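Q: I am new to this structure and would like a close look at one part of it. Could you walk me through a single strand and its surroundings?

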Amino acid sequence: MNSITHRAKWVLISPEQIIENGFVTVSGGRIVASGRGRGPKGTRKKDHGPGMLMPALVNAHTHLDLTALDGAPLPDSDFLSWVRGVITGKAALTKEEILAGILKGQEFLWQSGCILAGDHRSFSLETPFSENPFIHVFHEYLGTKFPPIVPASNGASSSLAAHAPHTTAPRLILDLKQRCRQKNLVFSMHVAESPEEMEFITTAGGTWAEFLESRGISFEMWGLPAPSPIRHLDHLGVLDSRTLAIHLVQTDRDDLKILARKGVRVCVCPRSNRNLLDQLPDVHAMVDWGLRPALGTDSLASVSSLDLFDEMRFLVREVPDLSPADIIAMGTVNGARALDREKELGTLEPGKRAVMLFLPVDGANSEAAIAKLLSGDFQVSPEWVL
Ligand SMILES: [Zn+2]
């Protein structure tokens with residue numbers, strides 16, 4: 001089989017291992033060797049020169065079916081006004097506009113170097129895009145009624161999601177989780193995002209309770225109040241290493257301890273949280289608890305781009321006590337782990353798929369090159385090396 005060795009001044013094999021004058025040898029679409037030097041003899045060589053080879057990115061949380069709401073105004077008052085705006089905006093879209101938005105969103109992801117996305121999709125029609133192995137579609141449900149569950153098609157990468165603890169009846173959350181458990185699939189859910197959710201779960205009252213009542217949704221049987229959204233889900237028995245919890249802005253030490261003990265996978269979307277709530281999750285505490293947070297952009301209804309480099313640069317600016325290695329891990333290997341694709345993606349180690357990016361970043365040492373990569377001044381589209 002034809003082998004090719006890619007060389008570059010910098011090779012980011014994993015977040016902790018950046019090699020000067022490194023190589024990655026590829027055969028049959030897989031990485032067969034990587035390290036320092038020229039690489040194995042007898043393989044074709046391609047020298048990319050001064051710049052960095054790195055793993056393609058993984059965006060663990062998107063809503064591509066909201067791409068058509070790009071440019072809609074963000075809330076000027078509270079989270080609930082944004083929710084109402086999204087519901088109204090989405091209801092006004094045609095099926096064709098939603099499908100065109102999904103395609104456009106996929107293109108944005110590709111242009112920004114993302115090889116895999118975890119996409120919550122409440123648009124219930126089967127689409128050809130769910131066959132795309134690099135979009136993991138989470139068919140998302142909410143409310144109280146048991147919907148017809150969309151089955152995974154042949155070859156599709158998909159599973160199920162409940163929207164959130166404050167929008168979804170516990171029996172439905174449990175049913176969706178059980179269906180994922182039976183097939184050993186990742187189950188995804190927004191958790192502990194807004195103060196409104198927190199107030200509703202902990203008091204069974206507040207503005208969210210009024211909102212549900214106004215929509216005719218009864219929550220009397222939801223087992224509320226509970227000490228926190230995380231403890232509510234823990235009590236339901238849906239937290240384990242195949243559950244992906246998104247956001248986690250409203251968490252305390254006990255919540256993080258539960259997540260760590262249960263091995264729950266976590267994903268944060270800091271730019272979305274800043275835009276909608278003016279709050280950020282405690283990413284540093286998550287790293288300290290060994291939760292290995294993944295990174296997501298959320299949708300264009302709450303952020304200005306689906307570019308994970310923008311998300312990583314935001315973390316550098318806003319959470320300065322995170323190390324560059326932590327931030328790179330969030331955008332690559334932690335995302336692959338969150339979506340159960342760590343054996344294939346996320347690092348440039350032998351055995352993984354050969355999906356790499358080349359970026360023309362340089363520096364006097366590896367720290368300087370990484371700092372430039374994550375700097376707000378460096379805005380260059382990555383080049384795919386496949
Ligand atoms: Zn979301």
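A: Here is a tour of strand 8, followed by the sheet around it and a few places further along the chain.

Please keep in mind that this is a predicted model. Strand 8 covers residues 135-141, and seven of its seven residues are buried. Looking along the strand, you will find Ile135, Val137, His139 and Tyr141 pointing one way, while His136, Phe138 and Glu140 point the other way. In a regular strand, side chains alternate between the two faces of the sheet. Both sets in strand 8 are buried.

Now let us look at the neighbours. Strand 7, residues 114-121, runs parallel to strand 8 and is joined to it by five bridges. For example, Asp119 has Val137 of strand 8 as its bridge partner. Strand 8 also pairs with strand 9, residues 158-162, again in the parallel sense and over five bridges. Here Tyr141 has Ala162 in strand 9 as its bridge partner. Such pairing between strands of a sheet works through backbone hydrogen bonds.

Stepping back, strand 8 belongs to an open sheet of eight strands with parallel pairing, in the order 6-7-8-9-10-11-12-13. At the edges sit strand 6 (57-62) and strand 13 (294-295), each of which pairs on one side only.

Further along the sheet, strand 11 (residues 243-247) and strand 12 (residues 265-268) pair in the parallel sense over three bridges. Within this pair, Ile246 has Cys267 of strand 12 as its bridge partner. His247 is also in strand 11, and its phi is near 95 degrees, a positive value in a residue other than glycine. His247 counts as buried because its relative accessibility is 0%.

Another positive phi, of about 55 degrees, is found at Ala192, which is not a glycine either. Ala192 lies in the loop between strand 10 (187-191) and helix 4 (195-203). With a relative accessibility of 0%, Ala192 counts as buried too.

Finally, take a look at the loop between helix 5 (207-214) and helix 6 (229-236), where Glu220 lies. Is Glu220 buried or exposed? Glu220 is exposed, because its relative accessible area is 73% and the cut-off for exposed is over 50%. Together with Glu199, Glu210 and Glu213, Glu220 forms a negative surface patch. The loop between helix 5 and helix 6 also holds Pro225, and the peptide bond from Leu224 to Pro225 is cis, with omega near 5 degrees.

Key:
Residues numbered from 1 in each chain as written. Predicted model: local features only at pLDDT ≥ 70, side-chain atom pairs only at ≥ 80, totals over all residues. Heavy atoms only, no water. Pairing = 2+ DSSP bridges. Helix = DSSP H or I, 4+ residues; strand = E, 2+ residues; numbered from the N terminus. Patch = residues over 30% accessible without salt bridge, like charges linked within 9 Å, V, L, I, M, F, W, Y side chains within 5 Å. Areas by Shrake-Rupley, 256 points an atom, 1.4 Å probe, with all protein chains shown as cover. Salt bridge = Lys/Arg side-chain N within 4 Å of Asp/Glu carboxyl O. Lys, Arg positive; Asp, Glu negative; His and termini not counted. Charge placed at Lys NZ, Arg CZ, Asp CG, Glu CD. Buried < 20%, exposed > 50% of the residue type's maximum accessible area, 1.4 Å probe, protein only.
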